[in-house]
Amino acid sequence: MLSKSKIVFKDYNPKQNFLFPPNLSELIENDHPVRTVSAVIDGLDISNLIRHYKPGGTSVYHPKMLLKVLVYGYLCNIYSSRKLEQALKENVHFMWLSAMNRPDHNTLNRFRSERLKGELKDIFAQIVLYLENEGLVSLQTIFTDGTKIEANANRYSFVWGKSIKNNKERIESQLEELWNYTLQLAKEEMRDTSEIVFKSMDKEKIKSVIETIDHTLKKKKIPSKTRQKINYAKKNWPDNLEKYEKQQEILKSRNSYSKTDPDASFMRMKEDHMRNGQLKAAYNLQLSTENQFIINYTLHPNPGDTKTLLPHIENFEHLYNKRPKEIVADAGYGSEENYIFLQKRKIKAYIKYNYFDKDQKNKTITSSPSNPKLSKLRHKVHQLLNTKRGVKLRKQRCHDVEPVFAQIKHNKGFKRFFLRGQNKVEIETGLIAIAHNLRKLALAG
């Protein structure tokens with residue numbers, strides 16, 4: 001016998017008006033991360049940030065609201081200001097955070113790039129100190145490591161320090177040849193000319209020398225190739241030399257930089273799908289963690305980790321006005337300079353040196369006859385790493401800092417910066433670090 005019961009559907013009328021509009025807060029779960037983001041940022045002191053605003057004129061969006069939107073965006077893998085603008089119109093969590101305000105992408109981008117400049121590290125430090133008060137971190141033992149993140153730059157717009165050096169030397173060498181050739185052809189005219197040093201010449205000096213050569217050989221019968229070379233030198237060499245000097249100023253102690261983001265250097269990346277050792281413009285991101293919370297971050301243009309430790313620790317001291325008691329890191333940081341620096345700072349260095357794993361197998365300590373000071377430091381580090389505490393921290397390191405990089409780069413998909421220039425990239429890094437910490441705080445309950 002067929003059932004005569006009717007199918008009953010729930011009420012559905014998209015055009016229905018609400019007599020009392022719902023409160024957006026009712027649509028968000030009590031333990032949702034967006035509530036953690038809102039609550040923590042509400043408790044921050046942003047008086048330094050507010051000082052950047054000038055009185056008068058039209059009203060502006062509240063900086064705490066904009067900061068919440070940016071941080072929650074980075075927590076949700078939304079990094080584009082245009083996509084954030086869209087989310088503020090479509091996503092109930094963003095609508096609740098912004099209290100239905102709808103700043104456009106230009107406003108969001110200006111706030112991120114300009115207003116937060118120089119202020120985000122203080123905000124980050126406040127959040128870490130909040131975590132310390134909650135007992136989630138102690139700021140005593142830090143686990144440090146680095147990773148390379150690709151810059152938002154053209155992969156083929158590179159400038160190499162070696163090329164600059166070779167080009168300058170070639171100009172100096174060819175100019176010297178032309179000068180000697182001119183001396184041979186016009187000894188009488190060049191008799192009173194003082195001796196010229198062709199090394200490290202500036203634009204005006206090279207211009208003067210070329211003009212002297214051109215004027216002296218103007219009425220002389222010389223090969224057409226030599227005449228062409230003089231004309232080319234007159235037209236190009238002074239400007240080229242000036243260009244190389246400017247490039248050298250940008251390079252400083254680096255080996256390379258990108259024309260589209262001069263603060264980024266070319267580095268060999270682990271994410272090399274072609275497996276051909278291709279270099280990409282990137283930044284070296286250094287993180288210190290504790291219980292997988294990020295408690296310190298710095299950005300560096302040099303690919304190696306060895307020279308990043310000193311500024312990284314100094315940044316920690318600047319943020320919290322104190323030093324960690326212990327630091328744990330891999331062999332990439334195990335240099336004589338770093339050991340001495342940490343010793344002076346009275347920070348216990350649980351940092352391997354290059355031959356530590358080999359020494360563990362051979363049950364010896366590799367000495368350095370030419371550098372007894374380094375040998376002494378290695379003995380001390382070897383003993384420290386093999387204490388009960390040292391063994392425990394060595395095991396813990398790979399479970400503390402490395403999963404944070406995996407979370408950022410693989411789970412969150414943040415493998416390339418969206419902004420250009422170290423100042424802006426540091427802001428992005430800070431937003432990533434804050435978003436990571438607040439997500440973990442939300443999960444911790």
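## Aromatic pairs, a lone buried aspartate and a few odd spots

Six rings gather into one aromatic cluster here: Tyr-74, Tyr-79, Tyr-283, Phe-414, Phe-417 and Phe-418. Keep in mind that this is a predicted model. Across the structure there are 13 aromatic pairs, and two of them are picked apart below. After that come two charges over rings, a buried Asp with no salt bridge, a Thr in a helix and two Asn residues with positive phi.

**Aromatic pairs**

- Let's start inside the cluster, which includes both Tyr-79 and Phe-414. Their ring centres are 5.0 Å apart and the planes meet at 75°, so this pair counts as edge-to-face.
- What does this pair tie together? Tyr-79 comes from the loop between helix H3 (63–75) and helix H4 (81–90), while Phe-414 comes from the loop between helix H16 (402–411) and helix H17 (422–444), so the contact joins parts 335 residues apart in sequence.
- Both partners, Tyr-79 and Phe-414, are buried.
- Phe-158 and Phe-266 make another edge-to-face pair, with 5.6 Å from centre to centre and 85° between the planes.
- This one links strands: Phe-158 belongs to strand S2 (residues 158–160) and Phe-266 to strand S4 (residues 265–268), so parts 108 residues apart in sequence are tied together.
- Are these two rings buried or exposed? Phe-266 is buried, at a relative accessible area of 7%, whereas Phe-158 has 36% and is partly exposed.

**Charges over rings**

- Arg-115 lies over the face of Tyr-53, 4.1 Å from the ring centre.
- Lys-121 has its charged end over the ring of Tyr-297, at 4.8 Å from the centre.

**Asp-400, buried without a salt bridge**

- Asp-400 is part of helix H15, which covers residues 388–400.
- Which side chain of opposite charge is nearest to Asp-400? That's Lys-440, at 8.6 Å, and a salt bridge has to be within 4 Å, so buried Asp-400 goes without one.
- What the Asp-400 side chain does reach is the backbone nitrogen of Gln-292, at 3.1 Å.
- Gln-292 also turns up among the contacts of Asp-400: setting aside neighbours within four places in sequence, these are Phe-143, Thr-289, Glu-290, Asn-291 and Gln-292.

**Thr-216 in helix H9**

- Thr-216 sits in helix H9 (residues 203–217) and is buried, with a relative accessible area of 11%.
- Which backbone oxygen lies 2.6 Å from a polar atom of the Thr-216 side chain? The one from Thr-212.
- For a sense of scale, the C-alpha atoms of Thr-216 and His-399 are 73 Å apart, with the two positions 183 residues apart along the chain.

**Positive phi outside glycine**

- Asn-77 isn't a glycine, yet its phi is positive, at about 65°.
- You'll find Asn-77 in the loop between H3 and H4, the loop that also holds Tyr-79.
- With a relative accessible area of 34%, Asn-77 counts as partly exposed.
- Asn-321 also has a positive phi without being a glycine, with a value near 55°.
- Where is Asn-321? In the loop between helix H11 (309–320) and strand S7 (326–329).
- Asn-321 has 71% relative accessibility, so this residue counts as exposed.

Terms used
Residues are numbered from 1 along each chain as its sequence is written. This is a predicted model: local features need pLDDT of at least 70, side-chain atom pairs count only at pLDDT 80 or more; totals for chains, interfaces and linings use all residues. Side-chain values use heavy atoms; hydrogens and water are left out. Helices (H or I, at least four residues) and strands (E, at least two) are DSSP runs, numbered from the N terminus. Buried means under 20% relative accessible area, exposed over 50%, partly exposed in between (1.4 Å probe, protein chains only). Lys and Arg count as positive and Asp and Glu as negative; His and the chain ends are not counted. A polar contact is a pair of N or O atoms within 3.5 Å; within protein, one must be able to donate a hydrogen and the other to accept it, and residues adjacent in sequence count only if both atoms are side-chain atoms. Contact means heavy atoms within 4.5 Å. Rings of Phe, Tyr and Trp (its six-membered ring) pair if their centres lie within 6.5 Å; planes under 30 degrees apart count as stacked, over 60 as edge-to-face and the rest as tilted. A charge sits over a ring if NZ of Lys or CZ of Arg is within 6 Å of the ring centre and within 35 degrees of the ring normal.
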